[in-house]
Each structure stands twice: as structure tokens, then as C-alpha cells.
Amino acid sequence: MQNRYTGDIGDFGKLGLLRQLSRTGLSIGVNWYLTPDETHNGDGRHTGYLKDDAFRACDEQLWSVLGEIVGEGKRQVSALERPDILQASFYSRILDFTGTDKAERQMLRWEWHNRAMQQLQNCDIIFVDPDNGLIVPSADGTPKSNKFVLPFELVEYYRAGSSVIYYQHKARRPDSFYIEQNNQLIEFGGFPGAKSLGLKFRTTSQRYYFFLIQPQHAEAIMRCIEQMISTPWINHFEIL
């Protein structure tokens, strides 16, 4: 996540999803995986949904509040950390690898992750929001690795008793590639008894949300998702 994305269509989808999940009564934690803003592209400009009543029908309150944030130029993740948007615990410390070597990056990341674990401890559901999704071999250990989530980080959240949801950006690959990637993650180990679920947010550039669900949370979460896709959200989300 970068501050410049605040209020775009991606935020509408993920916050809409989390608002639905909050109705289960399960507590929610959000790690934004915040990184410094980049300027080499125009990402974050997808705000046309704020003029479209089809999105308003999904969640009018969220649609209106995000419209205010974008309209007033308050595009910082801190603007999203308010109870009328989502009742949650948030971790928004920036993971910045500027000017670091590999050893420094490992140390910075370990410290950053441990603080996140402390901040989000005891949350039933933890949502992690890296720019790109699961780490890929070409990015591992590089300055760009802060844009990815590492498998051990997901494992540690799960071992602490939380169900985990991670964002996965869709590149030029079929759904089956990302489903298999998630299956391999589970096979990696560390998620005993986990129920897996994948959701695709079809609007604009396609996005995925993969769930690693604790057995004790499975019934409530699955029922919530089934109910969600019986509402106008069905036009934007599909179960993989």
C-alpha cells in the first residue's frame, strides 16, 4: 500500500470486504504494508467509481466517506483509520528500504514485523495489504521486497491464532496460477487446519484476496462471504 492509493477503487473493494466481515463479530487487524510513494506511474487514479451509483449501491456509507477523502485531497492511509469506516486495529508504520543493503533490510523487516505482531495481537482476522502480494523469487532480498508479503509473516499471524487474508495483485497470468500459488503456500506448512478461500475483485485491474481461515472462524467467515455475494457486491466479487 502507498498513501497515493488512498480512496481508489482498490480501497473501496477491500474496505467493503472488511466491513462485511466485521459483521461476524470477529475482531479485525489491518497491516497496510505501507511503503513510500512512488512517482513513476499513474497508479492510484482509479477514482471514477465515486461517480457511479452501481458502486454506491454496494455500500453507500463507505462510498460517501471515501468520496470526501478523495475530494478533500486527504489521501493518506491515516484518513482511513476511523471507526465510521472500519472498527479495527491498524499498523501503518512504513517499511522503507531506501539506501539499505541486504543485511540491513533483513534487520529492518524483522523489527517491523515484530512490531506489527505486537500491534495486531489478539485480532481474530488480520488483513495484509502489500502492493504486489506474495514474494516472488526475483524480488526476494531486494529493495523491492517491501512490496511483497513473506510466507513466514503469514505463518506467524496464523500461529498466533488469527485467520489471515492477503492481497494479491493480478499480473498477466490466469486465475489458476494464483490459485496454485496459494495452494503451494499452504503446502509450505504452518497453517494447520486452515480452510482456504479465494475472492477475485473483478473491477478495473483484477485483484485477489486469499483467506487462510482458522477452523474456529470458518463457519462465520464463509457464511458472511456467501451473504455478501447475494448483495450488489456480486457484480464485483466472485469466489474462485
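**R202 and its partner**

I began with R202 in this predicted model, and I noted that R202 counts as partly exposed, because its relative accessibility is 30%. I then looked for the partner of its side chain, and found that R202 and E238 meet in a salt bridge, at 3.3 Å from N to O. This pair links distant parts of the chain, since R202 lies in the loop between β7 and β8 while E238 belongs to strand β9, 36 residues apart. I looked up E238 as well, and with a relative accessible area of 28% E238 is also partly exposed.

**Strands β7 and β9**

I followed the chain from there into the strands, where β7 (residues 195-201) and β9 pair in the antiparallel sense over three bridges. In this pairing I found F201 opposite F237 of β9.

**The sheet as a whole**

I traced the strand order next, and read an open sheet of seven strands, β2-β1-β3-β6-β8-β7-β9, with mixed pairing. Its edge strands are β2 (89-91) and β9 (237-239), each of which pairs on one side only. Neighbouring strands are turned against each other by 20 degrees on average, with direction ignored.

I then checked which helices lie on the sheet. Helix α4 (residues 102-119) packs on it and touches β1 (28-31) and β2, and the direction of α4 makes about 170 degrees with that of β2. Helix α6 (residues 175-187) lies across β6 (163-169), β7 and β8 (207-213), and runs at about 25 degrees to β8.

**The nonpolar cores**

Which residues of the largest nonpolar core touch the most other members? I found that, of its 48 residues, these are F12, L17, L21, W32, L66, Y209 and F211. Among the elements that give two or more residues to this core, I noted α1 (9-22), α3 (60-71), β3 (125-128) and α7 (218-228). Helix α7 gives the most, with seven residues.

I took Y209 as one of these core residues to follow further. Leaving aside neighbours within four places in sequence, Y209 is in contact with residues including G10, K14, L17, F127, I165, L197, F201 and F237. The list therefore brings me back to F201 and F237, the two residues that stand opposite each other where β7 and β9 pair.

I also noted a second, separate core of 25 residues, which includes F97, C123, L154 and V164. L154 sits in helix α5 (residues 151-159), where E153, V155, Y157 and Y158 are buried along with L154. Just after α5, I read a positive phi of about 105 degrees at G161.

**Other salt bridges**

How many salt bridges does the structure hold? I found 13.

In helix α4 I looked at E111 and R115, whose side chains meet in a salt bridge at 3.1 Å from N to O. These two residues are separated by about one helical turn, because they are four residues apart in α4. As a general point, an α-helix has 3.6 residues a turn, so residues three or four places apart point the same way. E111 counts as partly exposed at 33% relative accessibility, and R115 is partly exposed with a relative accessible area of 40%.

I recorded a further pair, E72 and K74, whose side chains meet at 3.0 Å from N to O, with K74 counting as partly exposed at 47% relative accessibility. Finally, D11, K14 and D129 are linked in a network of salt bridges, and K14 is a residue I had already met among the contacts of Y209.

**I186 in helix α6**

I returned to α6 to look at I186, which counts as partly exposed because its relative accessibility is 24%, and buried would need a value under 20%. Not counting residues up to four places away in sequence, I186 touches F191, S196 and L212. The C-alpha atoms of I186 and P151 are separated by 9.4 Å, and the two residues are 35 apart along the chain.

**Two positive phi values outside glycine**

Most residues other than glycine have a negative phi, so I looked up two residues that do not. Y33 has a positive phi near 50 degrees, and its place is in the loop between β1 and α2 (53-56). N122 takes a positive phi of about 75 degrees, in the loop between α4 and β3.

Are Y33 and N122 buried or exposed? I found Y33 to be buried, because its relative accessibility is 1%, whereas N122 is exposed, with a relative accessible area of 69%.

Conventions. Residues numbered from 1 in each chain as written. Predicted model: local features only at pLDDT ≥ 70, side-chain atom pairs only at ≥ 80, totals over all residues. Heavy atoms only, no water. Buried < 20%, exposed > 50% of the residue type's maximum accessible area, 1.4 Å probe, protein only. Pairing = 2+ DSSP bridges. Axes fitted to C-alpha atoms, helices over the stretch in contact; angles between N-to-C directions. Contact = heavy atoms within 4.5 Å. Core = buried A, V, L, I, M, F, W, Y, C linked by side-chain atoms within 4.5 Å. Salt bridge = Lys/Arg side-chain N within 4 Å of Asp/Glu carboxyl O.
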